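I opened this entry to record what I looked up, beginning with the packing of nonpolar side chains and then moving to helix contacts and salt bridges.

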Amino acid sequence: AARRVAKKFDAVICGGGIVGVSVAERLRVAYGLKVAIIDPNAPLSMTSAVSTECYRDVWSDSLMQGFVRRSIELIENSAVLTNNEFTMNRNGYLFLATDPENPLEDHPASWCVRNDNYVPNKSFSKPDNSCNFLSSAPDGFDVLGGALPRSHFPFLSPSISHAVHARRCGWLDSQQFGMTTLHAATGGDERDAAQLWSGWEIEKIHEKNGRVSGVTVSSVSERERIQLETPVFINAAGPFCKVVHSMLPGGLDEDPFEELEVKNVLHAKAIIKDTKGIIPADCPMLISADPINIPWTDEELVDLSESSAEDLRETFGPAWGDALTACLPAGAHVRPASGGWLVFVWEHAHDHIKLEMLSNGKDVEDDRIGTPRLPEFYDKHVEAKLDDFYPQMVVRAMSTLIPDLSVYADGSVSKATMDGGYYTKTADGRPMIGPGSSIDGYHIISAFAGYGIMASAAAAELCAMQVVGGKNLDVLPDYAKAFDPRRNLKSRRKETSVTGASGKNSHEPHGPFSANDGTCARSRIGGSL
(Lines give C-alpha, C1' and ligand atoms only; values in the text may rest on other atoms or scores of the structure.)
Protein backbone atom coordinates (compact mmCIF):
# COMPACT_ATOMS: atom_id res chain seq x y z
CA ALA A 1 0.00 0.00 0.00
CA ALA A 2 1.11 3.55 -0.65
CA ARG A 3 2.71 5.22 2.35
CA ARG A 4 0.59 8.25 3.24
CA VAL A 5 2.60 11.45 3.48
CA ALA A 6 1.10 14.94 3.67
CA LYS A 7 2.17 16.32 0.31
CA LYS A 8 -0.22 18.78 -1.27
CA PHE A 9 0.26 20.69 -4.53
CA ASP A 10 -1.92 22.92 -6.66
CA ALA A 11 -0.68 20.99 -9.70
CA VAL A 12 1.54 18.00 -10.43
CA ILE A 13 3.38 17.87 -13.76
CA CYS A 14 4.62 14.58 -15.20
CA GLY A 15 7.70 15.34 -17.32
CA GLY A 16 10.74 17.53 -16.73
CA GLY A 17 11.52 18.38 -20.34
CA ILE A 18 11.43 21.92 -21.66
CA VAL A 19 7.62 21.88 -21.97
CA GLY A 20 6.98 20.56 -18.46
CA VAL A 21 9.50 22.94 -16.92
CA SER A 22 7.94 25.86 -18.83
CA VAL A 23 4.48 25.01 -17.50
CA ALA A 24 5.84 24.86 -13.96
CA GLU A 25 7.49 28.25 -14.40
CA ARG A 26 4.30 29.80 -15.76
CA LEU A 27 2.06 28.40 -13.02
CA ARG A 28 4.44 29.58 -10.33
CA VAL A 29 5.45 33.01 -11.67
CA ALA A 30 2.18 34.13 -13.26
CA TYR A 31 -0.32 32.52 -10.87
CA GLY A 32 1.57 31.71 -7.66
CA LEU A 33 0.65 28.02 -7.68
CA LYS A 34 2.53 25.36 -5.73
CA VAL A 35 3.76 22.83 -8.31
CA ALA A 36 5.65 19.53 -8.36
CA ILE A 37 7.56 18.24 -11.40
CA ILE A 38 7.83 14.43 -11.47
CA ASP A 39 10.44 12.78 -13.70
CA PRO A 40 12.41 9.55 -13.33
CA ASN A 41 15.34 11.22 -15.08
CA ALA A 42 17.20 14.49 -14.61
CA PRO A 43 15.34 17.58 -15.84
CA LEU A 44 15.89 18.69 -19.41
CA SER A 45 17.33 15.32 -20.41
CA MET A 46 16.25 13.04 -23.27
CA THR A 47 15.08 14.96 -26.36
CA SER A 48 15.27 18.37 -24.64
CA ALA A 49 19.00 17.78 -24.22
CA VAL A 50 19.63 17.02 -27.89
CA SER A 51 17.43 19.59 -29.59
CA THR A 52 18.24 21.12 -32.96
CA GLU A 53 17.69 24.36 -30.93
CA CYS A 54 16.02 26.30 -33.72
CA TYR A 55 12.96 28.50 -33.99
CA ARG A 56 10.95 30.02 -36.83
CA ASP A 57 7.80 32.04 -37.28
CA VAL A 58 7.20 30.84 -40.85
CA TRP A 59 4.41 28.27 -41.07
CA SER A 60 1.97 27.21 -43.75
CA ASP A 61 -0.64 26.65 -41.00
CA SER A 62 -1.90 30.09 -39.93
CA LEU A 63 -2.93 28.85 -36.46
CA MET A 64 0.49 27.34 -35.88
CA GLN A 65 2.09 30.53 -37.11
CA GLY A 66 0.16 32.64 -34.61
CA PHE A 67 0.93 30.17 -31.84
CA VAL A 68 4.68 30.01 -32.48
CA ARG A 69 4.96 33.76 -33.10
CA ARG A 70 3.49 34.33 -29.65
CA SER A 71 5.99 31.87 -28.20
CA ILE A 72 8.93 33.56 -29.94
CA GLU A 73 7.74 36.89 -28.56
CA LEU A 74 7.79 35.46 -25.02
CA ILE A 75 11.24 33.90 -25.51
CA GLU A 76 12.59 37.17 -26.94
CA ASN A 77 11.27 38.99 -23.87
CA SER A 78 13.12 36.51 -21.69
CA ALA A 79 16.28 37.06 -23.73
CA VAL A 80 16.08 40.79 -23.05
CA LEU A 81 15.37 40.34 -19.33
CA THR A 82 18.32 37.95 -18.88
CA ASN A 83 20.76 39.88 -21.08
CA ASN A 84 20.35 37.03 -23.57
CA GLU A 85 22.07 34.47 -21.37
CA PHE A 86 20.83 31.68 -23.67
CA THR A 87 22.40 33.38 -26.75
CA MET A 88 19.28 33.62 -28.89
CA ASN A 89 20.11 34.84 -32.39
CA ARG A 90 18.10 35.84 -35.41
CA ASN A 91 20.33 34.44 -38.14
CA GLY A 92 17.32 33.44 -40.19
CA TYR A 93 16.54 30.51 -42.46
CA LEU A 94 17.78 30.57 -46.07
CA PHE A 95 15.83 28.36 -48.50
CA LEU A 96 17.95 27.53 -51.54
CA ALA A 97 16.59 26.61 -54.98
CA THR A 98 18.58 25.40 -57.98
CA ASP A 99 15.55 24.94 -60.21
CA PRO A 100 14.50 28.24 -61.86
CA GLU A 101 11.06 26.71 -62.32
CA ASN A 102 10.61 26.10 -58.60
CA PRO A 103 7.53 28.31 -58.05
CA LEU A 104 7.44 30.91 -55.30
CA GLU A 105 4.35 29.35 -53.75
CA ASP A 106 6.53 26.45 -52.61
CA HIS A 107 8.57 28.83 -50.48
CA PRO A 108 7.74 30.21 -47.03
CA ALA A 109 7.53 33.69 -48.53
CA SER A 110 4.20 32.93 -50.19
CA TRP A 111 2.78 31.54 -46.95
CA CYS A 112 3.47 34.87 -45.28
CA VAL A 113 1.83 36.74 -48.14
CA ARG A 114 -1.26 34.52 -47.95
CA ASN A 115 -1.43 35.08 -44.19
CA ASP A 116 -1.01 38.86 -44.64
CA ASN A 117 1.89 38.92 -42.22
CA TYR A 118 4.74 40.32 -44.30
CA VAL A 119 5.71 42.32 -47.32
CA PRO A 120 8.77 40.83 -49.02
CA ASN A 121 12.00 42.75 -49.39
CA LYS A 122 14.34 42.11 -52.31
CA SER A 123 17.50 43.01 -50.40
CA PHE A 124 19.20 40.95 -47.75
CA SER A 125 18.93 42.10 -44.13
CA LYS A 126 22.05 41.22 -42.13
CA PRO A 127 21.09 39.61 -38.81
CA ASP A 128 21.75 41.42 -35.56
CA ASN A 129 22.69 38.89 -32.88
CA SER A 130 23.07 41.31 -30.00
CA CYS A 131 20.60 41.19 -27.11
CA ASN A 132 19.02 44.32 -28.62
CA PHE A 133 17.77 42.42 -31.67
CA LEU A 134 14.16 42.78 -30.52
CA SER A 135 14.09 46.44 -31.45
CA SER A 136 16.66 46.54 -34.23
CA ALA A 137 16.31 43.38 -36.32
CA PRO A 138 13.87 43.57 -39.23
CA ASP A 139 10.93 41.20 -39.57
CA GLY A 140 9.64 39.55 -42.72
CA PHE A 141 11.77 37.96 -45.39
CA ASP A 142 14.05 38.67 -48.34
CA VAL A 143 13.71 37.28 -51.86
CA LEU A 144 17.13 36.92 -53.47
CA GLY A 145 17.50 36.16 -57.18
CA GLY A 146 20.26 36.10 -59.74
CA ALA A 147 23.69 36.80 -58.28
CA LEU A 148 22.38 38.04 -54.91
CA PRO A 149 22.57 34.72 -53.00
CA ARG A 150 26.27 34.25 -53.80
CA SER A 151 27.06 37.93 -53.27
CA HIS A 152 26.03 37.53 -49.64
CA PHE A 153 27.12 33.89 -49.26
CA PRO A 154 30.04 33.25 -51.63
CA PHE A 155 30.42 29.62 -50.52
CA LEU A 156 27.11 28.72 -52.21
CA SER A 157 27.03 26.82 -55.50
CA PRO A 158 26.70 28.84 -58.73
CA SER A 159 23.82 26.51 -59.57
CA ILE A 160 21.54 28.28 -57.06
CA SER A 161 19.01 30.29 -59.01
CA HIS A 162 17.19 32.03 -56.16
CA ALA A 163 16.73 31.97 -52.39
CA VAL A 164 14.27 33.10 -49.73
CA HIS A 165 15.60 34.39 -46.42
CA ALA A 166 13.09 34.23 -43.55
CA ARG A 167 14.32 36.73 -40.98
CA ARG A 168 12.54 35.98 -37.69
CA CYS A 169 14.19 32.58 -37.37
CA GLY A 170 17.35 31.36 -35.70
CA TRP A 171 18.50 29.29 -32.77
CA LEU A 172 19.53 29.46 -29.12
CA ASP A 173 21.34 27.48 -26.44
CA SER A 174 18.51 25.12 -25.50
CA GLN A 175 20.19 23.79 -22.37
CA GLN A 176 20.80 27.28 -21.00
CA PHE A 177 17.28 28.34 -21.99
CA GLY A 178 15.93 25.31 -20.14
CA MET A 179 18.04 26.01 -17.06
CA THR A 180 16.91 29.66 -17.06
CA THR A 181 13.30 28.49 -17.14
CA LEU A 182 13.89 25.79 -14.51
CA HIS A 183 15.55 28.27 -12.15
CA ALA A 184 12.59 30.64 -12.51
CA ALA A 185 10.30 27.75 -11.53
CA THR A 186 12.30 26.24 -8.65
CA GLY A 187 14.54 29.06 -7.39
CA GLY A 188 13.95 31.71 -4.76
CA ASP A 189 11.56 31.36 -1.82
CA GLU A 190 11.05 27.69 -0.97
CA ARG A 191 7.51 28.39 0.20
CA ASP A 192 6.23 28.94 -3.35
CA ALA A 193 8.99 27.41 -5.49
CA ALA A 194 8.17 24.44 -7.68
CA GLN A 195 9.49 21.16 -6.30
CA LEU A 196 11.56 18.98 -8.63
CA TRP A 197 11.10 15.27 -7.96
CA SER A 198 13.89 13.76 -10.05
CA GLY A 199 14.19 9.99 -9.71
CA TRP A 200 10.45 9.54 -9.15
CA GLU A 201 7.79 8.27 -11.53
CA ILE A 202 4.02 8.26 -11.71
CA GLU A 203 2.36 4.97 -10.77
CA LYS A 204 -1.29 5.93 -10.60
CA ILE A 205 -3.60 8.90 -11.10
CA HIS A 206 -6.41 9.16 -8.53
CA GLU A 207 -9.90 10.55 -9.07
CA LYS A 208 -12.74 11.48 -6.74
CA ASN A 209 -16.21 12.58 -7.81
CA GLY A 210 -15.10 13.09 -11.42
CA ARG A 211 -12.01 15.15 -10.62
CA VAL A 212 -8.31 14.46 -10.18
CA SER A 213 -7.58 14.05 -6.47
CA GLY A 214 -3.93 13.00 -6.44
CA VAL A 215 -1.21 10.74 -7.78
CA THR A 216 0.90 7.91 -6.42
CA VAL A 217 4.60 8.32 -7.17
CA SER A 218 7.39 5.83 -6.58
CA SER A 219 11.14 6.20 -6.21
CA VAL A 220 13.06 4.71 -9.12
CA SER A 221 15.98 3.66 -6.92
CA GLU A 222 14.29 2.47 -3.73
CA ARG A 223 10.70 1.88 -4.92
CA GLU A 224 9.34 4.00 -2.06
CA ARG A 225 5.74 5.06 -2.70
CA ILE A 226 4.18 8.38 -1.75
CA GLN A 227 0.73 9.74 -2.48
CA LEU A 228 0.56 13.40 -3.48
CA GLU A 229 -2.68 15.32 -3.19
CA THR A 230 -3.52 17.62 -6.10
CA PRO A 231 -6.62 18.73 -8.03
CA VAL A 232 -4.61 19.11 -11.27
CA PHE A 233 -2.43 16.60 -13.10
CA ILE A 234 -0.58 17.67 -16.27
CA ASN A 235 0.72 15.01 -18.65
CA ALA A 236 3.88 16.52 -20.18
CA ALA A 237 5.60 13.18 -20.63
CA GLY A 238 6.64 13.62 -24.28
CA PRO A 239 7.11 10.21 -25.95
CA PHE A 240 5.71 8.57 -22.82
CA CYS A 241 2.44 10.55 -22.84
CA LYS A 242 0.54 7.49 -24.06
CA VAL A 243 1.71 5.38 -21.13
CA VAL A 244 0.89 8.12 -18.63
CA HIS A 245 -2.54 8.61 -20.21
CA SER A 246 -3.30 4.91 -19.65
CA MET A 247 -2.85 5.49 -15.89
CA LEU A 248 -6.12 7.43 -15.67
CA PRO A 249 -8.70 5.80 -13.41
CA GLY A 250 -10.16 2.87 -15.34
CA GLY A 251 -7.50 3.10 -18.04
CA LEU A 252 -7.15 -0.11 -20.00
CA ASP A 253 -9.47 -1.91 -17.57
CA GLU A 254 -12.46 -0.21 -19.16
CA ASP A 255 -14.03 -1.60 -22.32
CA PRO A 256 -13.96 0.29 -24.57
CA PHE A 257 -10.99 2.30 -23.31
CA GLU A 258 -9.98 5.71 -24.66
CA GLU A 259 -6.59 5.43 -26.35
CA LEU A 260 -4.47 8.48 -27.05
CA GLU A 261 -3.60 8.32 -30.73
CA VAL A 262 -0.12 9.71 -31.25
CA LYS A 263 2.99 8.47 -32.99
CA ASN A 264 6.60 8.50 -31.83
CA VAL A 265 9.30 8.88 -34.48
CA LEU A 266 13.04 9.28 -34.41
CA HIS A 267 14.90 12.57 -34.46
CA ALA A 268 18.59 12.38 -35.32
CA LYS A 269 21.28 14.84 -36.32
CA ALA A 270 24.89 14.62 -37.47
CA ILE A 271 27.46 17.01 -35.97
CA ILE A 272 30.75 17.73 -37.73
CA LYS A 273 33.65 20.02 -36.79
CA ASP A 274 34.03 22.63 -39.53
CA THR A 275 37.83 22.40 -39.56
CA LYS A 276 37.99 24.11 -42.96
CA GLY A 277 35.88 27.09 -41.85
CA ILE A 278 33.43 26.65 -44.74
CA ILE A 279 30.28 28.10 -43.16
CA PRO A 280 30.57 31.34 -41.09
CA ALA A 281 29.15 31.43 -37.56
CA ASP A 282 26.63 34.17 -38.45
CA CYS A 283 25.23 32.26 -41.43
CA PRO A 284 21.51 31.43 -41.56
CA MET A 285 20.20 27.90 -41.46
CA LEU A 286 20.69 26.60 -45.03
CA ILE A 287 17.84 24.46 -46.39
CA SER A 288 17.43 22.64 -49.69
CA ALA A 289 14.20 23.67 -51.38
CA ASP A 290 14.53 21.32 -54.36
CA PRO A 291 14.78 17.54 -54.75
CA ILE A 292 18.36 16.29 -54.55
CA ASN A 293 20.43 13.80 -56.49
CA ILE A 294 23.24 12.79 -54.14
CA PRO A 295 26.64 12.93 -55.89
CA TRP A 296 27.87 9.40 -55.11
CA THR A 297 31.14 8.24 -56.60
CA ASP A 298 31.08 5.37 -59.12
CA GLU A 299 32.50 3.01 -56.49
CA GLU A 300 29.86 4.03 -53.96
CA LEU A 301 27.09 3.52 -56.50
CA VAL A 302 28.28 -0.04 -57.05
CA ASP A 303 28.19 -0.68 -53.30
CA LEU A 304 24.73 0.83 -52.99
CA SER A 305 23.26 -1.13 -55.87
CA GLU A 306 24.86 -4.51 -55.16
CA SER A 307 25.54 -5.20 -51.50
CA SER A 308 23.51 -2.74 -49.47
CA ALA A 309 20.14 -2.39 -51.17
CA GLU A 310 18.25 -4.71 -48.83
CA ASP A 311 19.76 -3.16 -45.71
CA LEU A 312 19.04 0.32 -47.01
CA ARG A 313 15.40 -0.54 -47.66
CA GLU A 314 15.08 -1.95 -44.15
CA THR A 315 16.73 1.10 -42.59
CA PHE A 316 15.22 3.93 -44.64
CA GLY A 317 11.91 2.44 -45.76
CA PRO A 318 10.89 0.49 -48.87
CA ALA A 319 10.85 3.47 -51.22
CA TRP A 320 14.17 4.80 -50.00
CA GLY A 321 16.31 1.77 -50.74
CA ASP A 322 15.90 2.37 -54.46
CA ALA A 323 15.63 6.16 -54.31
CA LEU A 324 19.03 6.64 -52.70
CA THR A 325 20.66 6.35 -56.10
CA ALA A 326 18.08 8.58 -57.77
CA CYS A 327 16.09 11.66 -56.73
CA LEU A 328 15.47 12.39 -53.05
CA PRO A 329 13.06 14.83 -51.37
CA ALA A 330 13.96 18.38 -50.44
CA GLY A 331 14.61 19.31 -46.84
CA ALA A 332 18.23 18.54 -45.98
CA HIS A 333 19.59 21.38 -43.87
CA VAL A 334 22.69 22.55 -42.03
CA ARG A 335 23.48 25.35 -39.60
CA PRO A 336 26.62 26.55 -37.81
CA ALA A 337 26.88 25.94 -34.07
CA SER A 338 29.13 27.46 -31.43
CA GLY A 339 32.71 26.29 -31.30
CA GLY A 340 33.05 25.84 -35.06
CA TRP A 341 30.66 22.91 -35.43
CA LEU A 342 28.06 22.20 -38.13
CA VAL A 343 24.70 20.55 -37.41
CA PHE A 344 23.12 18.52 -40.24
CA VAL A 345 19.56 17.15 -40.29
CA TRP A 346 17.48 15.36 -42.92
CA GLU A 347 14.43 13.80 -41.30
CA HIS A 348 13.44 11.74 -44.32
CA ALA A 349 16.38 9.48 -43.62
CA HIS A 350 14.90 8.19 -40.38
CA ASP A 351 11.14 8.84 -40.56
CA HIS A 352 10.48 5.20 -41.46
CA ILE A 353 12.41 3.46 -38.69
CA LYS A 354 10.09 1.47 -36.44
CA LEU A 355 10.45 1.98 -32.71
CA GLU A 356 10.65 -0.83 -30.20
CA MET A 357 7.91 -0.66 -27.63
CA LEU A 358 7.61 -1.36 -23.93
CA SER A 359 5.02 -1.04 -21.21
CA ASN A 360 5.79 -0.76 -17.50
CA GLY A 361 9.39 -1.76 -18.18
CA LYS A 362 8.59 -4.99 -20.02
CA ASP A 363 8.43 -5.92 -23.68
CA VAL A 364 4.86 -6.44 -24.83
CA GLU A 365 3.28 -7.90 -27.95
CA ASP A 366 0.17 -5.73 -27.59
CA ASP A 367 1.75 -2.29 -27.84
CA ARG A 368 -1.40 -0.22 -27.42
CA ILE A 369 0.35 1.82 -24.76
CA GLY A 370 3.83 1.35 -26.14
CA THR A 371 6.58 3.90 -26.04
CA PRO A 372 10.24 3.97 -27.16
CA ARG A 373 12.74 1.96 -25.16
CA LEU A 374 15.08 4.56 -23.70
CA PRO A 375 18.01 4.85 -23.71
CA GLU A 376 18.63 1.34 -25.05
CA PHE A 377 16.54 2.01 -28.13
CA TYR A 378 18.62 4.97 -29.23
CA ASP A 379 21.88 3.10 -28.70
CA LYS A 380 20.68 0.15 -30.75
CA HIS A 381 19.01 1.86 -33.66
CA VAL A 382 20.53 5.27 -34.18
CA GLU A 383 24.16 4.46 -33.50
CA ALA A 384 24.11 0.98 -35.02
CA LYS A 385 21.94 1.67 -38.06
CA LEU A 386 22.60 5.28 -38.96
CA ASP A 387 25.98 6.26 -37.60
CA ASP A 388 28.02 5.04 -40.56
CA PHE A 389 25.71 6.18 -43.32
CA TYR A 390 23.42 9.02 -42.27
CA PRO A 391 26.16 11.71 -41.97
CA GLN A 392 27.58 10.72 -45.36
CA MET A 393 24.16 11.02 -46.97
CA VAL A 394 23.19 14.40 -45.51
CA VAL A 395 26.65 15.94 -46.04
CA ARG A 396 26.66 14.81 -49.67
CA ALA A 397 23.15 16.19 -50.11
CA MET A 398 24.16 19.62 -48.81
CA SER A 399 27.34 19.57 -50.89
CA THR A 400 25.14 20.01 -53.96
CA LEU A 401 24.39 23.50 -52.59
CA ILE A 402 27.69 24.12 -50.74
CA PRO A 403 30.36 22.35 -52.82
CA ASP A 404 33.18 22.73 -50.28
CA LEU A 405 31.29 20.50 -47.84
CA SER A 406 32.21 17.49 -49.96
CA VAL A 407 35.56 17.39 -48.11
CA TYR A 408 33.67 16.10 -45.06
CA ALA A 409 31.63 13.46 -46.90
CA ASP A 410 33.66 10.35 -46.12
CA GLY A 411 34.59 11.29 -42.55
CA SER A 412 38.34 11.27 -43.16
CA VAL A 413 38.80 15.03 -42.56
CA SER A 414 36.28 15.48 -39.74
CA LYS A 415 34.39 12.49 -38.36
CA ALA A 416 30.73 13.01 -37.57
CA THR A 417 29.04 12.27 -34.27
CA MET A 418 25.35 11.53 -33.86
CA ASP A 419 22.70 12.36 -31.32
CA GLY A 420 18.97 12.78 -31.25
CA GLY A 421 15.75 11.84 -29.51
CA TYR A 422 12.08 11.27 -30.20
CA TYR A 423 9.30 13.32 -31.73
CA THR A 424 5.72 12.68 -30.66
CA LYS A 425 3.32 13.51 -33.48
CA THR A 426 -0.42 13.84 -33.97
CA ALA A 427 -2.15 13.15 -37.28
CA ASP A 428 -2.56 16.86 -38.07
CA GLY A 429 0.91 17.91 -36.88
CA ARG A 430 -0.52 20.21 -34.23
CA PRO A 431 0.25 19.84 -30.51
CA MET A 432 -2.08 18.68 -27.76
CA ILE A 433 -2.72 21.33 -25.10
CA GLY A 434 -5.76 21.18 -22.85
CA PRO A 435 -8.11 18.89 -20.94
CA GLY A 436 -7.42 15.28 -21.88
CA SER A 437 -10.47 13.37 -20.66
CA SER A 438 -13.84 13.70 -18.96
CA ILE A 439 -12.03 13.80 -15.60
CA ASP A 440 -11.71 17.42 -14.50
CA GLY A 441 -8.19 18.54 -13.69
CA TYR A 442 -6.44 16.18 -16.12
CA HIS A 443 -4.51 18.07 -18.80
CA ILE A 444 -2.24 17.01 -21.65
CA ILE A 445 0.55 19.14 -23.11
CA SER A 446 2.45 17.05 -25.61
CA ALA A 447 3.14 16.19 -29.28
CA PHE A 448 5.51 19.03 -30.13
CA ALA A 449 6.89 17.25 -33.17
CA GLY A 450 10.22 18.99 -33.53
CA TYR A 451 9.13 22.43 -32.35
CA GLY A 452 9.17 21.97 -28.57
CA ILE A 453 11.82 24.59 -27.84
CA MET A 454 10.27 27.27 -30.02
CA ALA A 455 6.69 26.58 -28.87
CA SER A 456 7.34 25.92 -25.19
CA ALA A 457 6.62 29.42 -23.91
CA ALA A 458 3.24 29.89 -25.61
CA ALA A 459 2.30 26.27 -24.87
CA ALA A 460 2.96 26.85 -21.17
CA GLU A 461 1.02 30.11 -21.28
CA LEU A 462 -2.01 28.38 -22.80
CA CYS A 463 -1.84 25.38 -20.48
CA ALA A 464 -1.63 27.63 -17.42
CA MET A 465 -4.60 29.68 -18.60
CA GLN A 466 -6.64 26.49 -19.00
CA VAL A 467 -5.62 25.18 -15.58
CA VAL A 468 -6.47 28.41 -13.79
CA GLY A 469 -9.32 29.70 -15.93
CA GLY A 470 -11.12 26.46 -16.66
CA LYS A 471 -12.97 25.85 -19.91
CA ASN A 472 -13.94 29.40 -20.91
CA LEU A 473 -12.69 29.40 -24.50
CA ASP A 474 -13.70 33.03 -24.96
CA VAL A 475 -10.64 34.20 -23.04
CA LEU A 476 -8.22 31.80 -24.70
CA PRO A 477 -6.16 32.41 -27.87
CA ASP A 478 -7.79 31.53 -31.16
CA TYR A 479 -5.55 28.46 -31.56
CA ALA A 480 -6.63 26.88 -28.26
CA LYS A 481 -9.59 24.93 -29.63
CA ALA A 482 -7.54 23.45 -32.48
CA PHE A 483 -5.04 22.02 -29.99
CA ASP A 484 -7.65 20.20 -27.85
CA PRO A 485 -6.12 16.79 -27.01
CA ARG A 486 -9.53 15.09 -27.14
CA ARG A 487 -9.40 15.18 -30.93
CA ASN A 488 -6.81 12.41 -30.60
CA LEU A 489 -8.82 10.12 -28.32
CA LYS A 490 -10.31 6.99 -29.83
CA SER A 491 -12.40 4.31 -28.16
CA ARG A 492 -11.05 0.81 -28.64
CA ARG A 493 -12.07 -2.65 -27.50
CA LYS A 494 -9.58 -4.49 -25.33
CA GLU A 495 -9.66 -7.61 -27.45
CA THR A 496 -8.87 -5.72 -30.65
CA SER A 497 -5.29 -5.93 -31.88
CA VAL A 498 -3.99 -2.40 -32.12
CA THR A 499 -0.71 -1.22 -33.57
CA GLY A 500 1.25 1.16 -31.39
CA ALA A 501 2.75 4.58 -31.82
CA SER A 502 4.84 3.54 -34.77
CA GLY A 503 2.77 0.63 -36.14
CA LYS A 504 1.40 0.58 -39.63
CA ASN A 505 -2.02 1.82 -38.48
CA SER A 506 -0.45 4.88 -36.90
CA HIS A 507 -0.74 8.24 -38.61
CA GLU A 508 1.96 9.18 -41.05
CA PRO A 509 4.26 11.91 -39.75
CA HIS A 510 3.51 15.53 -40.53
CA GLY A 511 7.21 16.32 -40.78
CA PRO A 512 9.16 18.78 -42.88
CA PHE A 513 8.91 18.72 -46.66
CA SER A 514 6.30 15.97 -46.58
CA ALA A 515 7.11 13.22 -49.06
CA ASN A 516 6.72 10.17 -46.91
CA ASP A 517 6.69 7.77 -49.85
CA GLY A 518 10.27 8.67 -50.75
CA THR A 519 9.31 10.50 -53.94
CA CYS A 520 10.73 13.87 -54.87
CA ALA A 521 9.01 16.80 -53.23
CA ARG A 522 9.67 20.49 -52.96
CA SER A 523 10.08 22.41 -49.73
CA ARG A 524 7.43 21.98 -47.04
CA ILE A 525 8.51 23.36 -43.71
CA GLY A 526 7.58 21.57 -40.50
CA GLY A 527 9.04 19.29 -37.87
CA SER A 528 12.36 20.26 -36.35
CA LEU A 529 13.20 23.18 -38.61
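**Nonpolar cores.** I am working from a predicted model. I looked up the largest nonpolar core first and found 52 residues in it. Leu 27, Phe 67, Ile 234, Ile 433, Ile 445 and Phe 448 have the most contacts inside this core. I then asked which elements supply at least two residues each, and the list includes strands S2 (11-14) and S3 (35-39). Helices H1 (18-31), H2 (62-81), H6 (174-186) and H13 (452-469) are also on that list. H13 gives the most, with 11 residues.

I took Ile 445 as a sample and left out residues up to four places away in sequence. Ile 445 touches Val 19 and Val 23, then Ile 234, Asn 235 and Ala 236. Ile 445 also touches Met 432, Ile 433, Ala 459, Ala 460 and Cys 463. Apart from the largest core I noted another one, of 40 residues, with Phe 155, Ile 279, Leu 328 and Tyr 390 among them. As background, nonpolar side chains in soluble globular proteins tend to be buried together.

**H2 against H13.** I next checked how these two helices cross. Their axes come within 7 Å, at a crossing angle of roughly 95°. Angles of 65 to 115 degrees count as roughly perpendicular, so H2 is roughly perpendicular to H13.

I listed the residues that meet. On the H2 side they are Phe 67, Val 68, Arg 70, Ser 71, Ile 72, Leu 74 and Ile 75. On the H13 side I have Ile 453, Met 454, Ala 455, Ser 456, Ala 457, Ala 458, Ala 459 and Glu 461. Sorted by class, the contact has 11 nonpolar, 2 polar and 2 charged residues.

**Salt bridges.** How many salt bridges are there? I get a count of 13. I went through three of them.

Glu 461 pairs with Arg 26, and their closest N and O atoms are 3.4 Å apart. Glu 461 is in helix H13 and Arg 26 in helix H1, so this pair ties together parts 435 residues apart in sequence. Is Glu 461 buried or exposed? Its relative accessibility is 9%, so I count Glu 461 as buried. Arg 26 has a relative accessible area of 24% and is therefore partly exposed.

Glu 76 forms a salt bridge with Arg 168, with 2.8 Å between the closest N and O atoms. Glu 76 belongs to H2, while Arg 168 sits in the loop between strands S7 (162-166) and S8 (169-171), 92 residues apart. I find both Glu 76 and Arg 168 buried.

Arg 167 meets Asp 142 in a salt bridge at 2.7 Å, N to O. Arg 167 lies in the loop between S7 and S8 and Asp 142 in strand S6 (residues 141-145), so the bridge ties together parts 25 residues apart in sequence. Arg 167 is buried at a relative accessible area of 7%, and Asp 142 counts as buried at 0%.

I also traced bridges that share partners. Arg 26, Arg 70, Glu 73 and Glu 461 are joined into one network this way.

**Helix H12.** Last, I looked up burial along H12 (residues 390-399). The helix is mostly covered, with 9 of its 10 residues buried. I wrote them down as Tyr 390, Pro 391, Met 393, Val 394, Val 395, Arg 396, Ala 397, Met 398 and Ser 399. Tyr 390 had already come up as a member of the 40-residue core.

Conventions:
Residues are numbered from 1 along each chain as its sequence is written. This is a predicted model: local features need pLDDT of at least 70, side-chain atom pairs count only at pLDDT 80 or more; totals for chains, interfaces and linings use all residues. Side-chain values use heavy atoms; hydrogens and water are left out. A nonpolar core is a set of buried Ala, Val, Leu, Ile, Met, Phe, Trp, Tyr and Cys residues joined through side-chain atoms within 4.5 Å. Buried means under 20% relative accessible area, exposed over 50%, partly exposed in between (1.4 Å probe, protein chains only). Helices (H or I, at least four residues) and strands (E, at least two) are DSSP runs, numbered from the N terminus. Contact means heavy atoms within 4.5 Å. Axes are lines fitted to C-alpha atoms, for helices over the stretch in contact, and angles run from 0 to 180 degrees between N-to-C directions. Angles under 35 degrees count as roughly parallel, over 145 as roughly antiparallel, 65 to 115 as roughly perpendicular and the rest as oblique. Ala, Val, Leu, Ile, Met, Phe, Trp, Tyr, Cys and Pro count as nonpolar, Asp, Glu, Lys and Arg as charged, and the others, Gly among them, as polar. A salt bridge is a side-chain nitrogen of Lys or Arg within 4 Å of a carboxyl oxygen of Asp or Glu.
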